[in-house]
Structures are given as structure tokens and as C-alpha cells.
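Welcome! Take a moment to look over the chain on your screen, and then we will walk through it together.

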Amino acid sequence: MAKIKVINPGLATFVEDSGRYGYYHLGIPPGGALDQMSFKAGNLLLGNDVNAAALEVALM
């Protein structure tokens, strides 16, 4: 598995996954990447598992 090193991530860079469903009754929202289709498409294009963690960067 290849590793990357983020040197200067910025204020709006997050490590996201596909979310954790089934815990809302405990007060835990699903969370996950904001754009699920792009998240899954990006993972597939890179040859990763569709639910592998990814960096999400928001423009400010």
C-alpha cells in the first residue's frame, strides 16, 4: 500500500470515509464525505476500495 504525506493541509482539509450509518439513535450522525458520488468515483478511479478513506478539501 502506498503512503502519502500531507505537508500543509490547510484549514478545510479533512480525512473522510463513507460514513457510519445505524447510530443515529445514539446521537451519532452518519457523517462521511459531502459528495458521496465523487468520493466513490475517485476511489474507483484510483483502484482503491470504494469505501477507503480520502482527503476532502473545501475551497474557502
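Helices here are DSSP runs of H or I with at least four residues, while strands are DSSP runs of E with at least two, and both are numbered from the N terminus. On that basis, the protein chain of this predicted model has one helix and two strands. Starting at the N terminus, these elements follow the order β-α-β. The radius of gyration of the protein chain is 13 Å, well over the 10 Å that the globule rule gives for 60 residues, so the chain is more spread out than a compact globule.

**The chain as a whole**

The C-alpha trace spans about 35 × 30 × 20 Å along its principal axes. How much of the protein chain counts as buried? Of its 60 residues, 15% do. Contacts also link parts of the sequence that are far apart: among contacts in the protein chain with a separation of 6 or more, 39% are between residues 24 or more positions apart.

A record adds one annotation. In an unreviewed entry, UniProt lists residues 26-59 as "domain: Carboxyltransferase". In the model, this span is 29% helix and 12% strand, and its end C-alpha atoms lie 32 Å apart.

**The largest pocket**

Next, let us turn to the largest pocket, which has a volume of about 220 Å³. It is lined by 13 residues, and those closest to its centre are Ser-38, Phe-39, Gly-42, Ala-54 and Leu-55. Which elements each supply at least two residues of this lining? They are α1, covering 36-45, and β2, covering 54-57. The largest share comes from α1, with four residues. By type, the lining residues of the largest pocket divide into six nonpolar, four polar and three charged.

**Three residues to look at**

Now for some individual places along the chain. Asp-17 is in the loop between β1 (13-16) and α1, and Ala-33 belongs to the loop between β1 and α1 as well. Ala-12, for its part, is in the segment before β1.

Are these residues buried or exposed? Buried means under 20% relative accessible area, exposed means over 50%, and partly exposed is in between. Asp-17 has 25% relative accessibility, so it counts as partly exposed. Ala-33 counts as buried because its relative accessibility is 8%. Ala-12, at 11% relative accessibility, therefore counts as buried.

Each of these residues can also be paired with another one along the chain, as this table shows.

| Pair | Separation in sequence | C-alpha to C-alpha distance |
|---|---|---|
| Asp-17 and Leu-55 | 38 residues | 8.9 Å |
| Ala-33 and Gly-19 | 14 residues | 7.2 Å |
| Ala-12 and Leu-55 | 43 residues | 10 Å |

Leu-55, the partner of Asp-17 in one of these pairs, is among the residues closest to the centre of the largest pocket.

What does Asp-17 touch, not counting residues up to four places away in sequence? Its contacts are Gly-32, Ala-33, Gln-36 and Phe-39. With that exclusion applied to Ala-33, the residues it touches are Glu-16, Asp-17, Phe-39 and Glu-56. Phe-39 is thus a contact of Asp-17 and of Ala-33, and Phe-39 is also one of the residues closest to the centre of the largest pocket.

Note on methods. Residues are numbered from 1 along each chain as its sequence is written. This is a predicted model: local features need pLDDT of at least 70, side-chain atom pairs count only at pLDDT 80 or more; totals for chains, interfaces and linings use all residues. Side-chain values use heavy atoms; hydrogens and water are left out. On a 1 Å grid over the protein atoms alone, a cavity is a set of points where a 1.4 Å probe fits but cannot get out, and a pocket is an open set with protein on both sides within 12 Å along at least five of seven lines; lining residues have an atom within 4 Å of a point. Grid points are joined across faces, edges and corners, and a volume is the space filled by probe spheres set on the points. Ala, Val, Leu, Ile, Met, Phe, Trp, Tyr, Cys and Pro count as nonpolar, Asp, Glu, Lys and Arg as charged, and the others, Gly among them, as polar. UniProt positions are given in the numbering used here, feature names are shortened, and annotations may be inferred rather than shown by experiment. The radius of gyration is taken over C-alpha atoms; the globule rule is 2.2 Å times the number of residues to the power 0.38. Buried means under 20% relative accessible area, exposed over 50%, partly exposed in between (1.4 Å probe, protein chains only). Contact means heavy atoms within 4.5 Å.
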